[in-house]
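Grab a pencil and work through these short exercises. Try each task yourself before you read its solution.

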Amino acid sequence: MNGLVAAQLLDGRGGAKSVGWREIRAWEPGTGALWVHFDRHGHEARRWLREKSGLDVIVVKELLADASRPSIIPLSDGTLINLRGVNTNPGAEPEDMVWVQMWLEPGRLISSRHRKVAAVQDIREALAARAHGPVNVGDIAIRLAERLLDRMDPVISELEELMEDLDLRAAADGRKKQRLELVDLRRRTNKLRRWVGPQQSVITRMSTDKSLLFDEQQRVRLSHEANRVTRYVEDLTDLRDRASAKHDEISQAQSEDMSRMMYVLSVAAAIFLPLTLLTELVGVDFDGIAGREQSLPFDLFVIVLVALGLGPGYLLLARAQPVLLAPRVRPAPLVR
């Protein structure tokens with residue numbers, strides 16, 4: 001596996017010519033804008049980066065890193081940009097994110113991946129069709145950021161729909177199931193927010209730092225993307241807070257149900273424990289109860305038992321009636 005996914009020599013008009021290792025090795029500044037995209041696990045690509053690319057060892061190390069947090073690192077001769085996007089590969093979870101690491105310098109963009117990135121394929125198809133493709137390497141970096149964010153939108157919308165469904169679902173549908181779904185929703189939301197938050201800072205820096213290789217029109221486009229990713233961060237934060245509030249609501253309802261049950265058990269214990277104590281003291285065998293042959297002592301004993309049972313029982317049940325018979329009013333759904 002040589003690791004070369006694609007190499008494009010831009011024509012400056014929205015199209016490009018596919019090239020191979022020979023043209024990549026022969027490229028020099030001024031011979032045209034070159035985009036090289038490779039799989040970091042390819043042996044030939046790794047050897048070229050280390051020995052023939054002319055890049056600083058720090059840049060090479062970043063491009064070959066197995067994991068990368070969204071970041072932007074301006075250097076004297078170019079800029080390192082690391083971006084993340086949702087995983088659209090078959091069988092993968094969207095929040096198990098993919099990432100693209102880029103080295104941007106005048107006339108050349110070198111990018112690497114660890115898994116297939118659909119945003120890269122979008123740009124390759126636009127260049128192949130020669131229809132509104134990138135015209136320079138800065139444009140490629142911007143389009144990668146745009147396409148990565150495009151694919152986040154439906155994923156966040158899906159999470160919002162799941163939250164709406166959980167928020168409107170009746171409590172009778174099963175609190176245990178709802179809690180499990182909320183835990184999964186919070187897990188997915190937190191994983192996305194973990195990477196989208198830093199990406200907000202990266203794209204904002206790209207739109208405001210005039211020392212980077214972007215012209216004024218490109219910075220306007222990046223400003224729009226910065227606003228969009230800010231909205232995504234706000235939506236994910238809102239989802240996390242709503243899921244936490246809903247989880248607390250369900251936990252509180254379960255605690256109230258448990259309290260009702262424990263109160264009923266306490267009432268039953270308050271009624272029967274004194275009776276059990278007296279019958280143990282006197283004797284559980286009614287035939288052997290002292291005074292059984294005489295009606296008056298036995299009747300008095302029964303009256304005492306009934307009084308001890310009904311008296312505290314009535315008082316406790318009367319006190320518990322507002323709690324036990326109170327309607328279970330479900331709180332109104334959370335408003336976004």
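**Exercise 1: Confidence first**

Task: Find the mean pLDDT of the protein chain and the share of its residues that reach 70 or more.

Solution: You're looking at a predicted model, and the mean pLDDT of its protein chain is 83. A value of 70 or more is reached by 79% of the residues. Next, go to residues 329-336, where the pLDDT is below 50. In the model this stretch has 20 contacts beyond near neighbours in sequence. Where pLDDT is low, predicted coordinates should not be read in detail, so don't lean on fine points there.

**Exercise 2: Lay out the sheet**

Task: Work out the order of the strands in the open sheet, and name its edge strands.

Solution: Start by listing the seven strands across the sheet: β2-β1-β3-β7-β6-β5-β4. The sheet is open, and its pairing is mixed. Now check the ends: β2 (16-18) and β4 (71-75) each pair on one side only, which makes them the edge strands. Going from one strand to the next, the twist averages 15 degrees. Finally, add helix α6 (residues 175-208), which packs on the sheet and touches β4 and β5 (78-85). The directions of α6 and β5 make an angle of about 145 degrees.

**Exercise 3: Follow β1 to its partners**

Task: Say how many bridges join β1 to β2, and in which sense, parallel or antiparallel, the two run.

Solution: Take β1 (residues 4-10) and look towards β2: three bridges join them, and they run antiparallel. Two of the pairings are easy to locate: L10 has A16 as its bridge partner, while L9 stands opposite K17. The β1-β2 hairpin has five residues between its strands, and G12 there takes a positive phi near 80 degrees. Then turn to β3 (residues 34-39), which pairs with β1 over five bridges, again in the antiparallel sense. Here Q8 stands opposite W35.

**Exercise 4: Side chains around α6**

Task: Find which residue forms a salt bridge with E95, and where the two sit in the chain.

Solution: The partner is R187, and the closest N and O atoms are 3.8 Å apart. That falls within the 4 Å cut-off, so the pair counts. E95 lies in the loop between β5 and β6 (98-105), whereas R187 belongs to helix α6, 92 residues apart. Overall, the structure holds 22 salt bridges. For a contact with a ring, look at R84: its charged end sits over the ring of W195, 3.8 Å from the ring's centre.

Note on methods: Residues numbered from 1 in each chain as written. Heavy atoms only, no water. Pairing = 2+ DSSP bridges. Helix = DSSP H or I, 4+ residues; strand = E, 2+ residues; numbered from the N terminus. Axes fitted to C-alpha atoms, helices over the stretch in contact; angles between N-to-C directions. Contact = heavy atoms within 4.5 Å. Lys NZ or Arg CZ within 6 Å of the ring centre and 35° of its normal. pLDDT = per-residue confidence, 0-100.
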